[in-house]
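Please consider the following protein, whose sequence and structure are shown below. The account that follows leads through it in running paragraphs.

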Amino acid sequence: MRKILFAILAVSLMACEKQLDIIPKGQSTLSTVEDLELLLNYEYWHSSNYADLGVICNESIGAMPSVPDVLSRTNTLDYAYLAYDESVNRKELTSSDARYNGFYSAINYMNTIIAKMGEVKGDESRKPSLIAEARIMRAYYHWLLVNIYAEQYDESTAADKGGIPYVTDIDVSVEKTKLSLQDTYAKILEDCSDEVIAVLPEKSVNAFRAGKAFGYAVRSKVLMQMKNYEDALDYALKALAVNGTIEDRSYIKDEFSWKVSYDYAGNYAYIHGSNRAEPFMESLSLETGAMFEPDDYSIKYGTDWNEMFGEMMTGLAGCKLYFGMNAEANVLGITSDRMYYTAAECMIRTGEIEKGLQYVDKVRAFRIENCRPLADNYTAAMTEEEAMALLQPAKWIECIATYENFFDCKRWNTEEKYRRTITRDLGEHGKYSISPDSPLWILPFPANATRYNASLTQNY
């Protein structure tokens with residue numbers, strides 16, 4: 001049934017893409033509400049985060065790389081990130097970038113919906129909510145872009161730092177000027193405002209679409225990345241009030257594999273990487289592998305994280321490689337499970353330390369057999385830093401294969417209490433370190449974008 005559904009969807013979307021492509025200057029022949037709505041159903045394909053973001057933050061060492069082979073070829077992006085070599089000219093090696101191109105392609109679809117909805121035929125009552133969906137998705141894709149291709153937001157410096165182009169029109173002939181980091185975030189906040197969220201449907205139409213939970217979650221994540229933890233907490237709790245699903249992984253004890261579908265109830269909006277099967281072939285760093293709790297169902301009973309295949313593929317003894325096809329993890333979207341961690345950190349940052357640890361435990365109870373609550377460690381004398389030290393490894397494991405560990409590291413790197421130099425142990429192949437201020441934390445704009453846009457100077 002699922003195959004039939006996606007076959008129908010694919011045919012419909014190919015028709016929409018054709019209509020979008022054949023008309024100059026971003027115009028299209030889409031003429032009804034239903035035509036435009038199909039653009040919201042599109043299943044986007046991008047690069048997997050563990051190909052670069054996960055390597056930079058040392059979540060992983062890549063997608064089943066041969067470590068000695070990568071280290072032997074010193075003029076590649078893979079080498080630059082694995083060896084943390086800042087001398088590699090990354091912008092010259094980045095002729096194109098599937099993620100960058102894909103995100104802006106998605107934004108163009110959203111802009112088409114917003115620009116054309118007023119003039120097309122169809123049910124007028126549905127138009128406001130469809131426009132709201134497009135604006136929330138536009139905000140989210142821009143937020144992902146700015147956190148990958150620009151510096152971490154800091155209120156004291158954001159006005160002077162480079163951001164990204166915030167694209168709101170469909171005229172491809174007009175240059176899209178890069179904004180400051182401050183102005184980029186201001187535009188994102190406009191597109192995920194309370195007024196926009198209020199018009200979203202209570203429940204998303206399908207796994208790829210935005211509902212109110214996604215809207216609240218997007219605004220929460222934007223505010224959290226701005227280090228506005230108090231307001232971010234408010235929206236995280238609103239998202240969880242709409243959808244607070246937690247995936248119960250205790251079945252791994254009997255089935256020996258993590259099985260989660262793209263239409264899992266806890267997906268606020270599902271956006272995958274280069275494959276539906278994620279995190280297929282992610283090779284964890286030794287440091288990440290050591291963060292798993294011994295009684296984690298996926299380690300204690302699961303066969304997916306496989307050290308034999310890890311060493312065979314990477315040449316690194318002890319490396320855990322994900323060799324399973326049953327998981328369709330939401331690597332670029334947002335889940336309710338991870339929203340508990342957003343709320344938990346915001347609680348800890350705003351003085352609600354015990355409650356924050358309790359929110360971590362809400363998820364851990366479904367991840368760890370005979371789970372001992374972290375909140376049991378709480379005393380009135382516990383500091384924020386001590387509570388964060390309990391949260392961070394649990395959140396890190398929960399967020400494997402997503403952008404979240406990379407984004408968290410960038411944010412923590414601008415805070416004196418949490419910034420740290422990361423050291424990666426590659427066994428006999430050496431140890432490599434990245435500082436909190438390394439330019440490697442900012443990915444280069446691709447040449448196929450900078451070549452035609454004079455404003456698009458690199459942000460590092």
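Tyr229 is in contact with Met224, Glu345, Cys346, Arg349, Thr350, Arg411 and Glu415, when its neighbours within four places in sequence are left aside. The model in which these contacts are found is a predicted one. Tyr229 belongs to helix α12, and with a relative accessibility of 8% it counts as buried. Not every part of the chain that is moderately separated in sequence comes to this residue: Ala290 is 61 residues from Tyr229 along the chain, and their C-alpha atoms are 29 Å apart in space.

A second residue of helix α12, which covers residues 229–242, is Leu233. Leu233 also counts as buried, at 8% relative accessibility. Beyond four places in sequence, the residues in contact with Leu233 are Ala343, Cys346, Met347, Thr350 and Glu352. Met347 lies 114 residues from Leu233 along the chain, yet the two C-alpha atoms are separated by 6.8 Å. Cys346 and Thr350 thus appear among the contacts of Leu233 and also among those of Tyr229.

The next topic is a pair of helices. Two packed helices are described by the angle between their axes and the distance between the axes. Helix α17, residues 336–349, packs with helix α19, residues 384–398, at an angle of about 170°, and the axes are 10 Å apart. An angle over 145 degrees counts as roughly antiparallel, and α17 and α19 are therefore roughly antiparallel to each other. On the side of α17, the contact is made by Asp337, Arg338, Tyr341, Ala344, Glu345, Ile348 and Arg349; on the side of α19, by Glu384, Ala387, Met388, Leu391, Ala394, Lys395 and Glu398. These residues divide into seven nonpolar and seven charged, with no polar residue in the contact of α17 with α19. Glu345 and Arg349, which take part in this contact, are also residues that Tyr229 touches.

Which residues of helix α9 are buried? In this helix, which spans residues 181–191, they are Leu181, Thr184, Tyr185, Ile188, Leu189 and Asp191. Seen down the axis of α9, these residues fall within an arc of 160°, so they line one face of the helix. An α-helix has 3.6 residues a turn, so residues three or four places apart point the same way. The elements that cover the buried residues of α9 include α8 (127–149), β2 (162–165), β3 (178–180), α10 (194–199) and α11 (212–225).

Strand β3, one of the elements in that cover, contains Ser180. Is Ser180 buried or exposed? Its relative accessibility is 16%, and Ser180 therefore counts as buried, because buried means under 20% relative accessible area. Not counting residues up to four places away in sequence, Ser180 touches Ala158, Ala159, Lys161, Gly162 and Gly163. Asp160 is 20 residues from Ser180 in sequence, and the C-alpha atoms of the two are 6.6 Å apart in space.

Some features of the backbone also deserve attention. Most residues other than glycine have a negative phi, and most peptide bonds are trans. Met64, a residue other than glycine, has a positive phi, near 40°. The loop between β1 (60–63) and α4 (67–72) holds Met64, which counts as partly exposed at 37% relative accessibility. Ala401 likewise is not a glycine and has a positive phi, of about 80°. Ala401 is placed in the loop between α19 and α20 (404–412), and at 1% relative accessibility it counts as buried. The peptide bond from Glu278 to Pro279 is cis, with omega near 15°. Pro279 lies in the loop between β4 (267–269) and β5 (282–284).

Towards the later part of the numbering, Arg451 is found in the segment after α21 (447–450). Arg451 is exposed, with a relative accessible area of 52%. Arg451 and Ser95 are separated by 356 residues in sequence and by 9.7 Å in space, from C-alpha to C-alpha.

The confidence of the prediction remains to be described. The mean pLDDT of the protein is 93, and 93% of its residues reach 70 or more. Over residues 1–26, however, pLDDT stays under 50, and for this stretch the model has 39 contacts beyond four places in sequence. Where pLDDT is low, the predicted coordinates should not be read in detail.

Conventions:
Residues numbered from 1 in each chain as written. Predicted model: local features only at pLDDT ≥ 70, side-chain atom pairs only at ≥ 80, totals over all residues. Heavy atoms only, no water. Axes fitted to C-alpha atoms, helices over the stretch in contact; angles between N-to-C directions. Helix = DSSP H or I, 4+ residues; strand = E, 2+ residues; numbered from the N terminus. Parallel < 35°, antiparallel > 145°, perpendicular 65-115°, else oblique. Contact = heavy atoms within 4.5 Å. Nonpolar A, V, L, I, M, F, W, Y, C, P; charged D, E, K, R; others polar. Buried < 20%, exposed > 50% of the residue type's maximum accessible area, 1.4 Å probe, protein only. Arc of directions from axis to C-beta. pLDDT = per-residue confidence, 0-100.
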